[in-house]
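Got your viewer open? Take a moment to turn the model around, and then we'll walk through it stop by stop.

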Amino acid sequence: MIGNAEWAARCKRELTANILPFWMRHTVDQENGGFYGAVDCDGRVNQQAPRAAVINERILWTFSAAARRLGDPAYRETADWAYAYLDARFRDRECGGVYWMLDFMGNPISDRKQIYAQAFAIYGLTEYFRATGCTQALEWAQQIYGLIESKSRDPEHGGYLEACGRDWGTLEDMRLSEKDLNCPKSMNTHLHVLEAYTNLLRVWPDDCGSTAQLLEMTMDRIVDCAAGHFKLFFDRRWNSLSDHVSFGHDIEGSWLMVEAAEVLGDAALLERARTLAVRMATAVYEEGLDRDGSLFYEASRGRMADPNKHWWAQAEAVVGFYNAYQISSDDRFRTAACRAWQYIEEHVVDKVHGEWHAKLKPDGTPWKAEEDPDACLVGAWKCPYHNVRVCLEMMERLR
């Protein structure tokens, strides 16, 4: 197994020599502002690809976090670039919040208010404030928080509805993507609202009630405590609509719940979150790990539904298993985290073009674009947030 100092050094090297340089060199659009929306598996940039709010918000978080932690002026410059574009193009100054999708010139082509995207706006803006002290960014994050609370929160059954129209009215099709169910509530949106509210709480502790309620609702309604997995889709009354298990979300959520409880400073919530984190990590360890240490993607009814290896899930496995080790001192979790990191280094990192392969086959071979449309280096969902975060988290946790 890798020692802590060497492991931390390898994380920093991957971060500073591969991931961040790739995004600065290959995705910054000097002509139209912002960042290119797509780079294929062979490193070819599609300069006219649409631009999703989520990837731009995640880029903002990425370079703000890197600038704050590492102090490199180039990271701050890229964070400034990301903030300026988000403010100039994605911000809906008439109705509030952020648009869902722009064309390559920066014009809205989908103006819906997906709560998932509003949450990532808060996540990126608050991290930018932490890095720069920009009060306008914090004020914008607070405004979006107010809109989520007033327009999306379900006053009868709790939680948040998936999406609204541009004017925050009702929307028939609320799906986050074509692969998701069209339902009022989902695990995925609630998990990332919790993540965003946690970061907002770090810089604006005046209103912690929403974060505490959301964490409790996540543990009460979304986690199946007996099985150790998240339930994924719900009606308004929190009846589960799917039997699928997402191993990546399980292991990611296990440590994000603990983080939220730590920032809240609530001892009872923290103890409960830690217990659930170990329970969920155990379920993923027993059901979702391949022999090579990588994480399968999805299961259903006790059978593997998607045995592929998605880049983001491997990153979250490292943090989630290590978090479970820190709580429990169970060495099998440290070993699982270490093996997941070694799998990333050996198979997921693109040693030719830079960045990480988006999706690998069960045998560890990367999918190509002609085989799977999800295979790319940059896309609407392929961003530097998960892989940068695992590096930053592990550099801190391994100190």
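What follows is a short tour of a predicted model, with something to select at each stop.

**Stop 1: a pocket.** Begin by selecting Arg-202, Trp-255, Glu-259, Glu-393 and Arg-397. Of the 23 residues that line the second largest pocket, these lie nearest its centre. The space here comes to about 350 Å³.

Now colour the helices around this pocket. H2 (53-70), H4 (115-132), H6 (187-203), H8 (247-264), H10 (311-328) and H12 (385-397) each bring at least two residues to the lining. Which helix gives the most to it? That's H8, with six residues. If you colour the pocket lining by class, you should get twelve charged, eight nonpolar and three polar residues.

**Stop 2: two helices side by side.** Keep H8 on screen and add H7, residues 209-222. The axes of H7 and H8 are 10 Å apart, and the two helices pack at an angle of about 150°. Their crossing is left-handed. To see the contact itself, show side chains for Thr-211, Ala-212, Leu-215, Thr-218 and Met-219 on H7, then Met-257, Ala-260, Ala-261 and Leu-264 on H8. How many charged residues are there in this contact? There are no charged ones: the contact of H7 with H8 has seven nonpolar and two polar residues.

**Stop 3: a cavity beside Thr-211.** Leave Thr-211 selected and add Tyr-145, Tyr-197, Leu-200, Leu-201, Trp-204 and Asp-207; together they line the second largest cavity. About 30 Å³ of space lies inside. H6, which you met at the pocket, gives the most to this cavity's lining, with three residues. By class, the lining has five nonpolar residues, one polar and one charged.

**Stop 4: the other cavity.** How many cavities of 30 Å³ or more does a search of the whole structure find? It finds two, so let's visit the largest. Select Cys-41, Asp-350, His-357, Ala-358, Trp-367, Ala-375, Cys-376 and Leu-377, which form the lining of the largest cavity. The space there is about 40 Å³. Six of the lining residues count as nonpolar, one as polar and one as charged.

**Stop 5: Ala-38.** Next, pick Ala-38, which sits in strand E1, residues 38-39. Leaving aside neighbours within four places in sequence, Ala-38 is in contact with Arg-44, Val-45, Asn-46, Ala-49 and Val-378. For a sense of scale, draw a line from the C-alpha of Ala-38 to that of Gln-314: the two are 22 Å apart in space and 276 residues apart in sequence.

**Stop 6: a sheet.** Strands of a sheet pair through backbone hydrogen bonds, either parallel or antiparallel. Which sense do you find in the sheet E3-E4-E5? This open sheet of three strands has antiparallel pairing. E3 (51-52) and E5 (108-110) are the edge strands, each pairing on one side only. Zoom in on E3 and E4 (residues 101-102), which are joined by two bridges. Here Arg-51 stands opposite Leu-102.

**Stop 7: a hairpin.** Finish with E13 (residues 298-300) and E14 (residues 303-306), an antiparallel pair joined by three bridges. Look for Ser-300, which stands opposite Arg-303. E13 and E14 form a hairpin with two residues between them. One to click on is Arg-301 in the turn, which has a positive phi of about 55°.

Technical notes. Residues are numbered from 1 along each chain as its sequence is written. This is a predicted model: local features need pLDDT of at least 70, side-chain atom pairs count only at pLDDT 80 or more; totals for chains, interfaces and linings use all residues. Side-chain values use heavy atoms; hydrogens and water are left out. On a 1 Å grid over the protein atoms alone, a cavity is a set of points where a 1.4 Å probe fits but cannot get out, and a pocket is an open set with protein on both sides within 12 Å along at least five of seven lines; lining residues have an atom within 4 Å of a point. Grid points are joined across faces, edges and corners, and a volume is the space filled by probe spheres set on the points. Helices (H or I, at least four residues) and strands (E, at least two) are DSSP runs, numbered from the N terminus. Ala, Val, Leu, Ile, Met, Phe, Trp, Tyr, Cys and Pro count as nonpolar, Asp, Glu, Lys and Arg as charged, and the others, Gly among them, as polar. Two strands pair if DSSP finds at least two bridges between them. Axes are lines fitted to C-alpha atoms, for helices over the stretch in contact, and angles run from 0 to 180 degrees between N-to-C directions. A crossing is left-handed if the near helix is turned anticlockwise from the far one by less than a right angle, and right-handed if clockwise. Contact means heavy atoms within 4.5 Å.
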